[in-house]
Amino acid sequence: MAQIKLQNVEDYYEIGEVLGSGHFGQVRAVLERASNVHWAGKFLKLRRSASSRLGLERKSVEREVEILQSLQHANVMALRDVFESRAEVVLIVELISGGELFDFIAEKESLSEEEAIEFLKQILMGVGFMHTKNIAHFDLKPENIMLADKTMPHPHIKIIDFGLAHCLKQGEEYRSLSGTPQYIAPEVINYEPLSEAADIWLSGLSPFQGDNDEETLKNIVGMIYEFEENYFTQTSTMAKDFIEKLLVKDPIERMTADECLVHPWIKPLTRKQADNRSRSSINMKSFKKFNAKRKWKMSYNMVWACNRLFRLQLQCKSRSPEDPELRQCESDQEDTETKPASLIRRRLSSSS
Ligand code: ATP
C-alpha cells in the first residue's frame, strides 16, 4: 500500500489553478516548494460516513493509489505522492499539459492513418502494459486520453483517471456496472464477469450512439451499429477490419491489446498493406463533428450538474456557507434519477 502522508499538502506544494474537475473533486496545478517543479494535484473528497452518498470511500482511493503505483509506464500518468487529511486525499501526479488527444486531432486539417496509428500504438502500449499486470482501466474514453505536451512534433500519450480501474485476480469474478454509456462494453451492461477485454471495446466514434442513454445501451447489447459509408470513403480496408475485430460482442473473441499491436493495419506485413495504409486518411469532417458533439454533451452535463448543485445548495441553505457539509454537497453531481437505473456512473464527465 502507498505511503500516504498525513502532513498538510500545502506545506510541500503551492496549490495553483484548477485544471479540470471530476466527480469527486478537482485537479489543480501544484508547485513543489522544495524543487520548484510543477505537478498536478488530484483532490478527492472522502466519504464521511458509511451511510453518506457523498465523496469516495477510502478503500476506493486506496485502490486507485495502489493501481497507479504499480503502473509505471511512459503512457500512463505517473503518481508521485499521496497526502491525506480528514476530508480528502490528494494525489500528486505528473502534470499533463497537452490537453485531450481528441481536441488536438480536431484542430488539425488532416490526419493520415499513419499518424492516427502512432497515437493508437501508444494507447495500446499503455493499455497492454496494464493488462500484463492484470489491471483493467474500465473507463477508457476520449476524455481520459491526454497528451503530455502538444507542442512536441510527436505528442506523447498519457492515460489518466484510474478511478474505476481494477486489479483482476485469478479465480475471482469481478462485475461492475460503472462506465460511460457511449463507450461501455456489452458485458458491463449485461453485468457479466469482466476481464481486460472490456478495455479493448473502444470505438472513439461510438457508432452505437442513440437518442438517449437507454437507446445507446440497447444498441450496444444488440450490436446495432451503423458505419455511414461516407465517413469511411478514405478509410483503408485494413482499418475497417481492425475496427470490426474490436467490436466483437464476445470478450473472449475480441483482440487483446497485444494482438491489436500486430494487426496488419498497425504493423503491415507486406508493402501492399503499407502502401494501402499510407494512401488512407481519417475523415476529419466527421471527426470534428463527433468531437464537437462530445464537447457539447460535456458542457451540457456541466450545466446540468451546476443546476443540481444549486438545488442542493438550496437544500443546505439553512447551514452556514462555511459548513464542511456544504462543500460536500458541491461534490455531489451523481444522479441516478434521470439515468438508466441499472447503470451507476461515478463521474460527471461520464454522463451522457
Ligand atoms: P471523473 O469524475 O471524470 O472520473 P476524476 O475525479 O476521476 O474524474 P480525472 O478524470 O482524473 O478525475 O480528472 C479530471 C480532469 O482533470 C481530467 O478530465 C483532465 O482534464 C484533468 N486532469 C486530470 N489529471 C491531470 C493531470 N495529471 N494533468 C493535467 N490535467 C489533468
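Q: Two strands pair if DSSP finds at least two bridges between them. In this structure, which residue of β3 is the bridge partner of Gln26?
A: Let's start by saying that this is a predicted model. Strand β2 covers residues 25-32 and pairs with β3 in the antiparallel sense over seven bridges. One pair brings Val27 together with Lys42 of β3. For Gln26, the bridge partner in β3 is Phe43.

Q: How many residues lie between β2 and β3 in their hairpin?
A: The loop between these strands holds Asn36. Asn36 has a positive phi near 65 degrees, although it is not a glycine. Asn36 sits in the turn of the hairpin, and the number of residues between β2 and β3 is five.

Q: Is Asn36 buried or exposed?
A: A residue is exposed if 12 or fewer other C-beta atoms lie within 10 Å of its own. Asn36 has 8 such neighbours, so it counts as exposed.

Q: How many residues join β1 to β2 in their hairpin?
A: Seven bridges connect β1 with β2, and the two strands run antiparallel. One of these matches Gly22 with Gly25 in β2. The hairpin passes from β1 to β2 through a number of residues equal to two.

Q: What is the order of the strands in the open sheet of five strands?
A: β1 is joined to β2 by seven bridges, and β2 pairs with β3 over seven bridges. β3, residues 38-45, then pairs with β5 over six bridges, while five bridges join β4 to β5. With antiparallel pairing, the order is β1-β2-β3-β5-β4.

Q: Which are the edge strands of the sheet?
A: The sheet order is β1-β2-β3-β5-β4. An edge strand here pairs on one side only, and the edge strands are β1 (13-22) and β4.

Q: How many degrees does the twist average from one strand to the next?
A: The sheet has five strands with antiparallel pairing. From one strand to the next, its twist has an average of 25 degrees.

Q: What angle does the direction of helix α1 make with that of β4?
A: Helix α1, residues 58-70, packs on the sheet and touches β3, β4 and β5. Its direction and that of β4 make an angle of about 160 degrees.

Q: How many residues of β5 are buried?
A: Side chains in a regular strand alternate between the two faces of the sheet. In β5, Glu88, Val90 and Ile92 point one way, while Val89, Leu91 and Val93 point the other way, and all are buried. The strand spans residues 88-93, and of its six residues the buried number is six.

Q: Which residue stands opposite Val90 in β5?
A: β5 has a partner in β3, where Leu44 stands opposite Val89. Its other link here is to β4, residues 79-84, which runs antiparallel to β5 over five bridges. β4 and β5 form a hairpin with three residues between them. Opposite Val90 stands Phe83.

Q: How far apart are the end C-alpha atoms of helix α3?
A: Helix α3 has 20 residues, 113-132, and at 1.5 Å a residue these should span 28 Å. The distance in the model agrees with that expectation, because the end C-alpha atoms are apart by 27 Å.

Q: Which residue just after α3 takes a positive phi?
A: Within the helix, buried residues include Phe119, Leu120, Ile123 and Leu124. Just after the helix, a positive phi of about 60 degrees is taken by Asn134.

Q: Which element gives the largest share of the largest nonpolar core?
A: In soluble globular proteins, nonpolar side chains tend to be buried together. The largest nonpolar core here has 62 residues, and Leu91, Leu101, Ile123 and Ala198 touch the most other members. The largest share of this core is six residues, and these come from α3.

Q: Is Phe138 buried or exposed?
A: Phe138 lies in the loop between β6 (135-136) and β7 (145-147), and its phi is positive at about 65 degrees. Ala198 touches several residues, among them Phe138, Ala136 and Pro251. A residue is buried if 20 or more other C-beta atoms lie within 10 Å of its own. Phe138 has 22 such neighbours, so it counts as buried.

Q: What percentage of the residues of the protein chain count as buried?
A: The chain as a whole has 10 helices and nine strands. Among its contacts with a separation of 6 or more, 64% come from residues 24 or more positions apart. Of its 352 residues, the share that counts as buried is 35%.

Definitions and conventions
Residues are numbered from 1 along each chain as its sequence is written. This is a predicted model: local features need pLDDT of at least 70, side-chain atom pairs count only at pLDDT 80 or more; totals for chains, interfaces and linings use all residues. Helices (H or I, at least four residues) and strands (E, at least two) are DSSP runs, numbered from the N terminus. Axes are lines fitted to C-alpha atoms, for helices over the stretch in contact, and angles run from 0 to 180 degrees between N-to-C directions. Two residues are in contact if their C-beta atoms, placed from the backbone, lie within 7 Å. The expected span of a helix is 1.5 Å times one less than its number of residues. A nonpolar core is a set of buried Ala, Val, Leu, Ile, Met, Phe, Trp, Tyr and Cys residues joined through C-beta atoms within 7 Å. Lists of a residue's contacts leave out its neighbours within four places in sequence.
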